[in-house]
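Consider the two chains shown below. The paragraphs that follow go through the confidence of the prediction, the strands, the core, the contact between the chains and some backbone details.

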Amino acid sequence: MGWRIVYYQSEGGDVPAEAFLDGCPTAVEAKMEAVLSAVAEAPPPSFSGGGMWEAMHGAMSGYFEVRVNGPGREHFRLFCLLDRDGPGLDEPAIVVLTGLRKPNATKFSEAAYARVRARGEDYKGSVPRRIAT
Amino acid sequence: MGVDMSYRDRRLATRMDDPAFRAEYESAQRQIAQIDAVMRRLDALREEAGKSKAQLARDIDKNPATVRRLFSSEVNPELKTLVAIAEALDADLVVKPRSRRRKRVAA
């Protein structure tokens, strides 16, 4: 059975993943959405996402990222959680939290990752789950 | 009653109205489907051969965790690793040109 794709919504009502996607080049946005669709159709543990969907490790363990390169070798990342039975969700869901972009050969700061995790913790603490509707 | 989970579906449907987005999305879908199909076929061949992932890893001199992560899409597959897996499973990776007619239409 496939999974649903949902966007996390902050308490203030903004939808960071959508804002991020809106700011991406069209080709990057389309590729990221196609990866999400593929993973939703064949969720883990199946191989899915064409190599652009990866589990994260270390401090980001438990999170997943969609990894797409864009024009000028810029790197785009969309951060997600898997929620199998969250309160208020009818089906297992891929929760799209937010995104980041960086120039080639650079790293995201720990603070940037911490902000992603803060989104994730906010989502996981919401009952029912706070998603864009 | 559950939460309305269709927000993303509606957004995607709206974005698909943009021809440039649709073309990129469909192209990405085709590329993703090909990679996923290769990985799933190799995993199916592994099962048909009765080999565990650990056994396959030994056959290609890789860490068992590497092969496990590879088949569960936790890491991006490298072509040389895929070729080694295919070799260990007595299979070939093949690139098949699309039909001449399709190429002419595309041109």
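Helices (H or I, at least four residues) and strands (E, at least two) are DSSP runs, numbered from the N terminus. With that numbering, A:Pro45 lies in the loop that runs between H2 and E2 of chain A.

The model is predicted. For the complex, the predictor reports an ipTM of 0.94 together with a pTM of 0.89. In chain B the average pLDDT is 88, and 88% of the residues reach at least 70.

The strands of chain A come next. E2(A) pairs with E3(A) in the antiparallel sense, through three bridges. Within E3(A), the residue opposite A:Trp53 is A:Val66. E3(A) also runs antiparallel to E4(A), and six bridges join these two strands. One detail of this pairing is A:Phe64, whose bridge partner in E4(A) is A:Cys80. E3(A) and E4(A) form a hairpin with five residues between the strands, where A:Gly72 has a positive phi near 70°.

A:Arg73 is likewise found in the loop between strand E3 (64–69) and strand E4 (75–83) of chain A. A:Arg73 is not a glycine, yet its phi is positive, at about 60°. Is A:Arg73 buried or exposed? A residue is exposed if 12 or fewer other C-beta atoms lie within 10 Å of its own. A:Arg73 has 9 such atoms within 10 Å, and is therefore exposed.

Chain B offers a residue of this kind in B:Asp90, a residue other than glycine with a positive phi near 55°. B:Asp90 sits in the loop between helix H5 (79–88) and helix H6 (100–106) of chain B. B:Asp90 counts as exposed because it has 8 C-beta neighbours inside 10 Å.

Now to the interior. Which residues have the most contacts inside the largest nonpolar core? They are A:Val35, A:Cys80 and A:Val96, in a core of 52 residues. H2(A) gives the largest share of this core, with eight residues. A:Cys80 thus appears both in this core and as the bridge partner of A:Phe64. When neighbours within four places in sequence are left aside, A:Val96 is in contact with A:Ile5, A:Tyr7, A:Tyr8, A:Ala17, A:Leu36, A:Leu78 and A:Cys80.

The contact between the chains involves 33 residues of chain A and 28 residues of chain B. On the side of chain A that touches chain B, strand E1 (4–7), helix H2 (26–41) and strand E2 (53–55) each provide at least two residues. The largest share of that side is supplied by H2(A), with eight residues. Sorted by class, the side of chain A that touches chain B consists of 19 nonpolar, seven polar and seven charged residues. H2(A) therefore has the largest share in two places, namely the core and the side of chain A that touches chain B.

Two peptide bonds remain. Where are the cis peptide bonds at A:Pro45 and A:Pro128? The bond between A:Pro44 and A:Pro45 is cis, with omega about 15°, and A:Pro45 belongs to the H2 to E2 loop described at the start. Another cis peptide bond links A:Val127 to A:Pro128, with omega about -10°. A:Pro128 is located in the segment after helix H3 (110–124) of chain A.

Notes
Residues are numbered from 1 along each chain as its sequence is written. Chains are lettered from A and ligands numbered from 1 in the order in which they are written. This is a predicted model: local features need pLDDT of at least 70, side-chain atom pairs count only at pLDDT 80 or more; totals for chains, interfaces and linings use all residues. Two residues are in contact if their C-beta atoms, placed from the backbone, lie within 7 Å. Ala, Val, Leu, Ile, Met, Phe, Trp, Tyr, Cys and Pro count as nonpolar, Asp, Glu, Lys and Arg as charged, and the others, Gly among them, as polar. A nonpolar core is a set of buried Ala, Val, Leu, Ile, Met, Phe, Trp, Tyr and Cys residues joined through C-beta atoms within 7 Å. A residue is buried if 20 or more other C-beta atoms lie within 10 Å of its own, exposed if 12 or fewer, and partly exposed in between; C-beta atoms are placed from the backbone. pLDDT is the predictor's confidence in each residue, from 0 to 100. Two strands pair if DSSP finds at least two bridges between them.
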